[in-house]
Protein chains: 2
Amino acid sequence: MTPHADRFLADLHTLRAFGGDDAPGSKGVRRRAFTEADLAARDWLAEQFRDAGLTPHMDPAGNLFGLAPGDRSLLMGSHSDTQPEGGWLDGAYGVIAALEIARAAQEAGGPPVSVVSFQDEEGRFGALTGSSLWSGKLSEADADKLVATDGTTWPEARARISDRAGDWLDPARFTGFLEAHIEQGPVLDAAGEAVGVVTGIVGLRQIQVEVHGQQNHAGTTPMAMRRDAFTVAARITTALPDRFANIVTPQSVWTIGHIRLHPGAQSVVPGRAEFSLQWRDIDADRLDRMEGAIAQLLRDMGDETGCEITWGKLRHDLAPMPMDAGMQAALSAAADEVAPGRWRAMPSGALHDASNLAGLMPVGMLFVPSINGVSHTFEEDTGEDDLVTGVEVLARAVERLG
Amino acid sequence: MTPHADRFLADLHTLRAFGGDDAPGSKGVRRRAFTEADLAARDWLAEQFRDAGLTPHMDPAGNLFGLAPGDRSLLMGSHSDTQPEGGWLDGAYGVIAALEIARAAQEAGGPPVSVVSFQDEEGRFGALTGSSLWSGKLSEADADKLVATDGTTWPEARARISDRAGDWLDPARFTGFLEAHIEQGPVLDAAGEAVGVVTGIVGLRQIQVEVHGQQNHAGTTPMAMRRDAFTVAARITTALPDRFANIVTPQSVWTIGHIRLHPGAQSVVPGRAEFSLQWRDIDADRLDRMEGAIAQLLRDMGDETGCEITWGKLRHDLAPMPMDAGMQAALSAAADEVAPGRWRAMPSGALHDASNLAGLMPVGMLFVPSINGVSHTFEEDTGEDDLVTGVEVLARAVERLG
């Protein structure tokens, strides 16, 4: 199987033109799900599928498949919608890489490879909306209640594709799902490596913490008589690394991304602090142990400071999603052939459509580097040599999977 | 000199009725500067002045004086405007206590005591607006640019008193200024003490700090590669007490009352944190040393974390304002007579009209307890026995001052 680098890169640049930012030198893209640019890109993709001998099929969620001949095939792909101001590779790389592999596989006489571009991975309406619907994790009734921030409803969005859409596909027709994606993190780029074989998609837990102190005058209240909610929040933040010390690995992460003080005035000792605390890890036991350490810290800090500290889950826990062992083995062997010493096994810290499919079929993922680790911005980019290396690893892996 | 507790308390309750909250049991008051309630209260006060043999005089800022006969007198008073939802004693106590002392002094044949209720101490337009104008710290031209949050301009406000207002009074006619006020802090109440003799009004400095880190994805960025602006802000907060350890006294205070993270999203490592840091102390050298320790901490933390940390003054420094030694001595001797073992010398952590007058004449201040230390709320209160004790201390001090 011989993927063609020039053909692959040319298609990738053509896809970028749909919603591509006009500014000189910009690689940015505006291709929000169900916008003109998104639907035009899907129409163009359907043509490429036809030219490659794949049968285009759009399902009721707007997921666009290019189906290989025959009853069974390996599914490859990602998504072609973007953030409001997104990069040119986030999703697009996995879709065009899949197209190139499907073509190369057909030219080589097999194995059969189908392609998919999922709809609304970037969450104009929810998050991973298209693959959530297809996998049954989101019901059509619940989807119909989704509303974008601009007021567009999901029923309005799917009305835009009513002339194109057919029925749902049976996932059982696919032997597995293989997704290539940019890393969206700094690990490969910082290490000078070309490829990451994803071991799993990390689980995520998130709580909202409220510290109830005592609102006071910032001039008349002696330090010893204060119950300053922000000071307590700061102590919790700085104590976390110690509390986690015997639990976490270098791949565990935790983040306080939002905090609000009440009343939030410069001359008032904050009476209340509310903040989010999110943690992610590839191992469910470790997520449990981190949760236990957090709860213990919050209890200890409440006892120590006399503040009431309450917390609750802000969203459903997301369980870690391990990648299929056979997929990992094929990708690792291929990476070792194509980029010896320049790849690693690593978790995905970000969610991907692959998470939704892991219960339905064997799933694998491959990462290529993100320059400076940035994504969801016009500045997102990856060296073209790395993009091509990724396609070659995919080709070798698909050969191994047969 | 014999102040009458009943007459004093009756007047205090009558003043409360102007703008008093109607809810059963509420002691709260809404008497914002220049509102109907405020002007009606000033008209009532002018009558009480007249009845007490004092000549009412309103100046162009709306400050209402009750002038004792003769060329020279001691000025006593505070303010009778309130916060939008204020307490019944904040300001009012000092005005009615001064009225009672002026009456008692007249009944005793001297010394001559004049009374004042300053206008807009609570800062509908600025802060301490009336006493700032009278003392020359705020020019009439600058005052005319002031606008309340409801859109009312200062010229509109002073137009409401044009029929009542006369000219500015020469501060030189007063031998000194003595202000009684609720503490607005927890110190006296917690100690079970009745009276505080104010040593000075603390100075205040305030900076705005910006921590510039690196905004990143909260899932894909390993902890070791983060420059999390909030974590750095939290470390600064928790490091302050150690850095201050050899500098501060139990009367020094510092506060981070406001913080904002960018972008402030639960799944994004904060790239920027902006927060206010305010500190107050009675000693200017100590304010300097605290400022030095803060600057050193911010520099150290920048070096340690690789974040750029910038800061600047948010407002003019307010210098500490010591109270007059003779006034303090008279108040202390009086407190020792009236409430032996139940008073203390203490700084004022809050600003007062007395701050503005300290450059013009000898100034003294007396505190009575605030129950639970609260003020600027309907719940503000002080035991009536403590209110009366304060008036008795004032009477004895005025006798000593002659």
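**Figure 1. Where chain A meets chain B.** The contact draws 45 residues from chain A and 45 residues from chain B. Please keep in mind, as you look through these views, that the model is predicted. Putting the two chains together buries about 3,800 Å², and carbon and sulfur atoms give 63% of that area. As a reminder for reading such a value, the size of an interface is often given as the accessible area lost when the parts come together. Between chain A and chain B there are 12 residue pairs in polar contact, counting pairs with both residues at pLDDT 80 or more. Salt bridges are another matter: across this interface the rule finds zero of them.

**Figure 2. The side of chain A that touches chain B.** Which elements of chain A each supply at least two residues to this side? They are helix H7 (187-191) and helix H8 (229-244), together with strands S9 (253-255), S10 (259-262), S11 (268-269) and S12 (272-281). The most comes from H8(A), with six residues. Sorted by class, this side of chain A holds 21 nonpolar residues, 20 polar ones and four charged ones.

**Figure 3. The axis that relates the two copies.** A turn of 180° with a shift of 0.0 Å along the axis lays chain A on chain B, and the RMSD is 0.0 Å. That is the relation of a two-fold axis. If you would like a landmark in chain A, go to A:Ala234, whose C-alpha is the nearest to the axis at 2.2 Å. Both copies use the same surface, as 100% of the contact residues of chain A recur in chain B.

**Figure 4. An annotated stretch of chain A.** An unreviewed UniProt entry gives residues 200-302 of chain A the annotation "domain: Peptidase M20 dimerisation". Within residues 200-302 the chain is 34% helix and 32% strand. The C-alpha atoms at the two ends of this stretch are 36 Å apart.

**Figure 5. Annotated binding-site residues in chain A.** Under "binding site", the unreviewed UniProt entry lists A:His79, A:Asp90 and A:His181. These three span 103 residues in sequence, yet no two of their C-alpha atoms are more than 9.5 Å apart, so they gather at one spot. To find your way around, look for A:His79 in strand S3 (residues 73-79) of chain A, and for A:Asp90 in the loop between S3 and H3 of chain A.

**Figure 6. A second listing that includes A:Asp90.** From the unreviewed UniProt entry, "binding site" is also placed at A:Asp90, A:Glu122 and A:His376. How far apart is the largest C-alpha distance among these residues, spread over 287 residues of sequence? It is 9.5 Å, and they cluster in space.

**Figure 7. A salt bridge along helix H2 of chain A.** A:Arg42 and A:Asp38 form a salt bridge, with their closest N and O atoms 3.0 Å apart. The two residues are four apart in helix H2 (residues 36-51) of chain A, so about one helical turn separates them. For a wider picture, a search of the whole structure finds 56 salt bridges over all chains.

**Figure 8. Backbone geometry worth a closer look.** Most residues other than glycine have a negative phi, and most peptide bonds are trans. Here are some places in the model that depart from this. From A:Gly110 to A:Pro111 the peptide bond is cis, with omega near -5°; A:Pro111 sits in the loop between helix H3 (92-107) and strand S4 (113-118) of chain A. In chain B, the peptide bond from B:His262 to B:Pro263 is cis too, with omega near 0°, and B:Pro263 belongs to the loop between strand S10 (259-262) and strand S11 (268-269). What is the phi of A:Asn372, which is not a glycine? The value is positive, about 60°, and A:Asn372 lies in the loop between strand S16 (363-368) and helix H12 (384-401) of chain A.

Key:
Residues numbered from 1 in each chain as written. Chains lettered and ligands numbered in written order. Predicted model: local features only at pLDDT ≥ 70, side-chain atom pairs only at ≥ 80, totals over all residues. Heavy atoms only, no water. UniProt positions renumbered as here; feature names shortened; annotations may be inferred. Least-squares fit on C-alpha atoms with pLDDT ≥ 70 in both. Contact = heavy atoms within 4.5 Å. Buried area = accessible area lost by both parts, 1.4 Å probe. Salt bridge = Lys/Arg side-chain N within 4 Å of Asp/Glu carboxyl O. Polar contact = N/O pair within 3.5 Å; in protein donor to acceptor, adjacent residues only side chain to side chain. Nonpolar A, V, L, I, M, F, W, Y, C, P; charged D, E, K, R; others polar.
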